[in-house]
There are 2 protein chains.
Amino acid sequence: MLFFTQCFGAVLDLIHLRFQHYKAKRVFSAAGQLVCVVNPTHSLKYAPTRCAAVQASTEQSILPPCHHHEVVHDSQLLPCTCPLFSCPWEGHLEVVVSHLRQTHRINILQGAEIVFLATDMHLPAPTDWIIMHSCLGHQFLLVLRKQEKYEGHPQFFATMMLIGTPTQADNFTYRLELNRNQRRLKWEATPRSILECVDSVISDGDCLVLNTSLAQLFSDNGSLAIGIAITTSKVHSSEAEM
Amino acid sequence: MLFFTQCFGAVLDLIHLRFQHYKAKRVFSAAGQLVCVVNPTHSLKYAPTRCAAVQASTEQSILPPCHHHEVVHDSQLLPCTCPLFSCPWEGHLEVVVSHLRQTHRINILQGAEIVFLATDMHLPAPTDWIIMHSCLGHQFLLVLRKQEKYEGHPQFFATMMLIGTPTQADNFTYRLELNRNQRRLKWEATPRSILECVDSVISDGDCLVLNTSLAQLFSDNGSLAIGIAITTSKVHSSEAEM
């Protein structure tokens with residue numbers, strides 16, 4: 001009996017996800033974008049276990065992990081901690097993607113424009129929703145984080161990082177777009193390099209920031225659909241240098 | 001000697017304002033938009049004096065001021081408190097514009113697209129920056145408010161209200177745009193009617209919300225340039241009904 005109840009629950013979940021996927025597709029249907037349902041990742045920061053990844057490269061000596069605001073000039077040769085979960089893994093830039101896929105089971109999607117559908121927005125902070133996005137010959141990491149910067153007041157922070165150097169990141173622009181209930185919010189910026197550490201981007205607030213009330217206005221049945229687009233244009237069309 | 005020092009200071013201020021105006025114009029130069037420098041308005045909420053406006057209409061009986069979330073069905077006949085400063089003035093919708101101009105000396109600008117340049121962003125909360133915007137046959141009120149929703153953490157809230165009924169407001173879409181330092185933030189929504197009270201819009205967070213760090217990234221020399229556009233389109237182009 002329990003087995004059938006669980007099966008029925010699973011089928012209902014699948015129908016619900018399919019429905020959310022369908023609705024997100026309708027909203028972001030202009031370019032037939034790929035919609036990806038992203039489940040929350042519980043932060044390992046507060047968990048007793050540590051991820052079991054083996055250090056990917058042992059040929060060269062490993063330098064200490066990068067710190068906030070540190071400028072890494074020759075990052076191809078520098079190791080860095082995995083930017084997520086305060087995972088103690090260290091490795092070269094070239095193997096970050098395989099580490100994220102293998103150890104943290106983060107999906108990778110293809111395409112210039114995709115829709116990131118984060119589920120279970122109600123979960124308590126800290127929670128991350130993460131996906132990798134492969135386009136224009138590079139891999140990007142989208143991180144949506146629910147965090148309490150001010151105690152008792154969780155906010156959502158969304159940013160895109162290039163799995164590459166800061167110099168490479170300067171060649172791209174990413175756009176995050178929320179669109180629901182006759183409201184639209186767009187954030188455009190140059191992605192940061194993954195070497196700069198996602199924690200510092202979020203603590204600086206240099207990303208898309210949503211209060212809980214605004215996140216609720218944009219979410220549907222506890223899921224938040226974020227349209228993502230990446231372009232190579234270096235200069236914003238209507239922006240002059242100030 | 002003091003006179004000359006003061007004159008020199010005033011000239012420097014003028015040059016500074018002119019420079020800010022010029023820079024804002026460069027950023028939002030696409031359509032040759034009108035740039036308006038808006039100085040902060042100190043909230044009268046905490047001041048002992050009350051504004052001395054005379055009630056504009058005495059022919060009809062005056063109903064109590066509107067409350068948050070109250071739905072006003074026949075607002076042409078209903079009076080409402082002035083939406084700003086907790087001013088005790090009451091009057092009909094048709095005379096709100098003249099009250100705001102005469103009593104609160106709020107400027108009114110013409111044109112579908114303007115740039116709102118709010119100065120002195122560093123001033124402590126609560127502070128309002130307000131302007132009226134006349135376009136498409138209607139008057140709109142742009143309110144930028146610095147407020148501490150969470151003690152010790154001021155945020156900026158920007159919204160546009162139609163000086164008209166909720167039904168009239170439904171016919172418009174307003175867009176607020178920040179654009180600086182290779183970052184762009186756009187907020188699009190249907191304006192609320194001024195009968196709904198600006199305080200409730202801000203406390204609901206149903207507006208453009210900026211943390212102090214993000215406001216600093218978008219501001220230049222303590223001033224924040226916000227591009228404003230109003231259109232009559234009722235439906236967002238890429239939004240399907242969910």
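This section describes confidence, an annotated domain, backbone geometry, aromatic pairs and cysteines in a predicted model.

The predicted model has an ipTM of 0.74 and a pTM of 0.74. For chain A the mean pLDDT is 74, and 64% of the residues reach at least 70. Among the elements of this chain, the mean pLDDT is lowest in strand 3 (residues 79–81), at 49, and highest in strand 11, at 97. The pLDDT is below 50 over residues 44–80 of chain A. Beyond near neighbours in sequence, that stretch nevertheless has 65 contacts in the model. Residues 236–242 of chain A also have pLDDT under 50. For residues 236–242 the model contains 19 contacts beyond four places in sequence.

An unreviewed UniProt entry lists residues 134–228 of chain A as "domain: Seven-in-absentia protein TRAF-like". Over this range the chain is 57% strand and 19% helix. The C-alpha atoms at the two ends of the range are 12 Å apart.

Several backbone features were examined in the loops on either side of strand 7. Most residues other than glycine have a negative phi, and most peptide bonds are trans. In chain A, the peptide bond from A:Ala125 to A:Pro126 is cis, with omega near -5°. A:Pro126 belongs to the loop between strand 6 (113–118) and strand 7 (127–135) of chain A. In chain B, a cis peptide bond runs from B:Ala125 to B:Pro126, with omega near -5°. B:Pro126 is placed in the loop between strand 6 (113–118) and strand 7 (127–135) of chain B.

A:Asp120 lies in the loop between strand 6 and strand 7 of chain A. This residue is not a glycine, yet its phi is positive, near 55°. A:Asp120 has a relative accessible area of 33% and is therefore partly exposed. A positive phi, about 55°, is also found at A:Leu136, again not a glycine. A:Leu136 is located in the loop between strand 7 and strand 8 of chain A. With a relative accessibility of 45%, A:Leu136 is classed as partly exposed.

The search for aromatic pairs returned seven over all chains of the structure. One of them is formed by A:Phe140 and A:Phe172, with ring centres 5.2 Å apart. The planes of these two rings stand at 85°, so the pair is edge-to-face. A:Phe140 is part of strand 8 (residues 138–150) of chain A, whereas A:Phe172 is in the loop between helix 3 (166–169) and strand 10 (173–180) of chain A. The two residues are 32 residues apart, and their pairing links distant parts of the chain. Both A:Phe140 and A:Phe172 are buried.

Another aromatic pair, A:Trp187 with B:Phe218, crosses between chains. The ring centres of A:Trp187 and B:Phe218 are separated by 6.2 Å, and the planes are at 90°, so this pair is edge-to-face. A:Trp187 comes from strand 11 (residues 183–189) of chain A, and B:Phe218 from helix 5 (residues 212–218) of chain B. A:Trp187 has a relative accessible area of 0% and is therefore buried. B:Phe218 has a relative accessibility of 3% and so counts as buried.

In chain B, B:Pro191 occupies the loop between strand 11 (183–189) and strand 12 (192–193). Its relative accessible area is 3%, so B:Pro191 is buried. Apart from neighbours within four places in sequence, B:Pro191 is in contact with B:Phe140, B:Met160, B:Met161, B:Leu162, B:Ala169, B:Phe172, B:Thr173 and B:Tyr174. B:Gln168 is 23 residues from B:Pro191 in sequence, with a C-alpha to C-alpha distance of 9.5 Å.

The search of the whole structure for disulfides found zero over all chains. Two cysteines of chain A were assessed for accessibility. A:Cys135 is buried, its relative accessible area being 6%. A:Cys207 has a relative accessibility of 0% and likewise counts as buried.

Key: Residues numbered from 1 in each chain as written. Chains lettered and ligands numbered in written order. Predicted model: local features only at pLDDT ≥ 70, side-chain atom pairs only at ≥ 80, totals over all residues. Heavy atoms only, no water. Phe/Tyr/Trp six-rings, centres within 6.5 Å; stacked < 30°, edge-to-face > 60°. Helix = DSSP H or I, 4+ residues; strand = E, 2+ residues; numbered from the N terminus. Buried < 20%, exposed > 50% of the residue type's maximum accessible area, 1.4 Å probe, protein only. pLDDT = per-residue confidence, 0-100. Contact = heavy atoms within 4.5 Å. UniProt positions renumbered as here; feature names shortened; annotations may be inferred. Disulfide = S-S within 2.5 Å.
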